[in-house]
Amino acid sequence: MGATTFTDEHTSAVAPSRIFKASIVDSHNLIPKLVPQAIKSIEFVQGNGGAGSIKQINFAEGGGFGTVKYQIDELNEDTLTYKYSLVEGDALIEGLEKITYEVKFEPSPNGGSISKITSKYYTKDDFKLKEEDIKAGKERVLGMYKVVEDYLLQNPDAYA
């Protein structure tokens with residue numbers, strides 16, 4: 001088994017605690033409302049949202065994916081850190097064992113936030129990741145992040 005790690009950083013005008021609450025803690029409620037054309041629902045199939053819980057994302061028809069499941073490894077509202085592992089579903093293409101993510105939100109000097117995302121792809125045997133697959137996945141995640149950010153900017157009292 002091999003592993004490939006990618007690190008990304010994004011800035012936002014939204015305070016770190018607000019974007020953490022909206023995009024992580026309450027994602028199962030908020031994201032399907034914001035992007036119903038992409039995500040039909042997000043539900044807990046095990047646990048209540050803390051470490052060890054398993055979330056299932058049910059994608060809208062025609063989007064290329066059916067479902068994915070991920071396990072929450074850590075959710076820390078004090079340090080605004082979220083770690084999870086994609087363990088099952090259509091995004092785990094043949095040759096991938098799992099994908100782990102670590103997301104950390106920090107304050108930026110201008111009152112907004114900096115999000116740091118580390119993703120680690122665990123491959124089976126001699127499987128080689130294709131750059132276009134990684135890029136497409138990152139673009140989907142960034143797109144969802146931007147939708148949540150826009151919502152919070154338009155609704156300054158939400159998740160305050």
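A residue is taken as buried when its relative accessible area is under 20%. By this criterion T81, with a relative accessible area of 6%, is buried in the predicted model described here, because 6% falls under the 20% limit. T81 lies in strand 5, and its side chain makes a polar contact with the side chain of T79, at 3.0 Å. When neighbours within four places in sequence are left aside, the contacts of T81 comprise F20, the residues E74, L75 and N76, and the residues E102, V103 and K104.

The strand that holds T81 spans residues 81-89 and belongs to an open sheet of seven strands, in which the order is 1-7-6-5-4-3-2 and the pairing is antiparallel. Strand 1 (2-12) and strand 2 (39-46) occupy the edges of this sheet, and because each has a single partner strand, one side of each is left without a neighbour in the sheet. From one strand to the next, the twist averages 20 degrees.

Within the sheet, strand 3 (residues 54-59) is joined by five bridges to strand 4 (residues 67-76), the two running antiparallel, and by six bridges to strand 2, again in an antiparallel arrangement. On the side of strand 4, N58 has T67 as its bridge partner, while Q56 stands opposite K69; on the side of strand 2, the bridge partner of I39 is F59 of strand 3. Six of the six residues of strand 3 are buried, so this strand is largely enclosed by the rest of the structure. The burial extends to both faces, since I54, Q56 and N58 on one side and K55, I57 and F59 on the other are all buried.

Two helices are placed against the strands. Helix 2 (residues 27-34) lies across strand 2 and strand 3, and its direction makes an angle of about 165 degrees with strand 2. Helix 3 (residues 131-154) lies across strand 1, strand 2, strand 6 (96-107) and strand 7 (113-123), and runs at about 30 degrees to strand 1.

The largest nonpolar core contains 32 residues, of which Y82 and F105 touch the most other members; strand 6 gives the most to this core, with five residues. For Y82, the contacts outside the four neighbouring places in sequence are F20, I24, K55, Y70, I72, E74, L75, Y101, E102 and V103. Among these partners of Y82, K55 is one of the buried residues of strand 3. The contacts listed for T81 likewise include F20, E74, L75, E102 and V103.

A further position in strand 5 is that of V87, which is partly exposed, with a relative accessible area of 40%. Residues up to four places away in sequence being excluded, V87 touches K69, Y70, Q71 and L92; of these, K69 is the residue that Q56 stands opposite in strand 4, and Y70 also appears among the contacts of Y82. The C-alpha atoms of V87 and G143, which are 56 residues apart along the chain, are separated by 22 Å.

Conventions. Residues are numbered from 1 along each chain as its sequence is written. This is a predicted model: local features need pLDDT of at least 70, side-chain atom pairs count only at pLDDT 80 or more; totals for chains, interfaces and linings use all residues. Side-chain values use heavy atoms; hydrogens and water are left out. Two strands pair if DSSP finds at least two bridges between them. Helices (H or I, at least four residues) and strands (E, at least two) are DSSP runs, numbered from the N terminus. Axes are lines fitted to C-alpha atoms, for helices over the stretch in contact, and angles run from 0 to 180 degrees between N-to-C directions. Contact means heavy atoms within 4.5 Å. Buried means under 20% relative accessible area, exposed over 50%, partly exposed in between (1.4 Å probe, protein chains only). A polar contact is a pair of N or O atoms within 3.5 Å; within protein, one must be able to donate a hydrogen and the other to accept it, and residues adjacent in sequence count only if both atoms are side-chain atoms. A nonpolar core is a set of buried Ala, Val, Leu, Ile, Met, Phe, Trp, Tyr and Cys residues joined through side-chain atoms within 4.5 Å.
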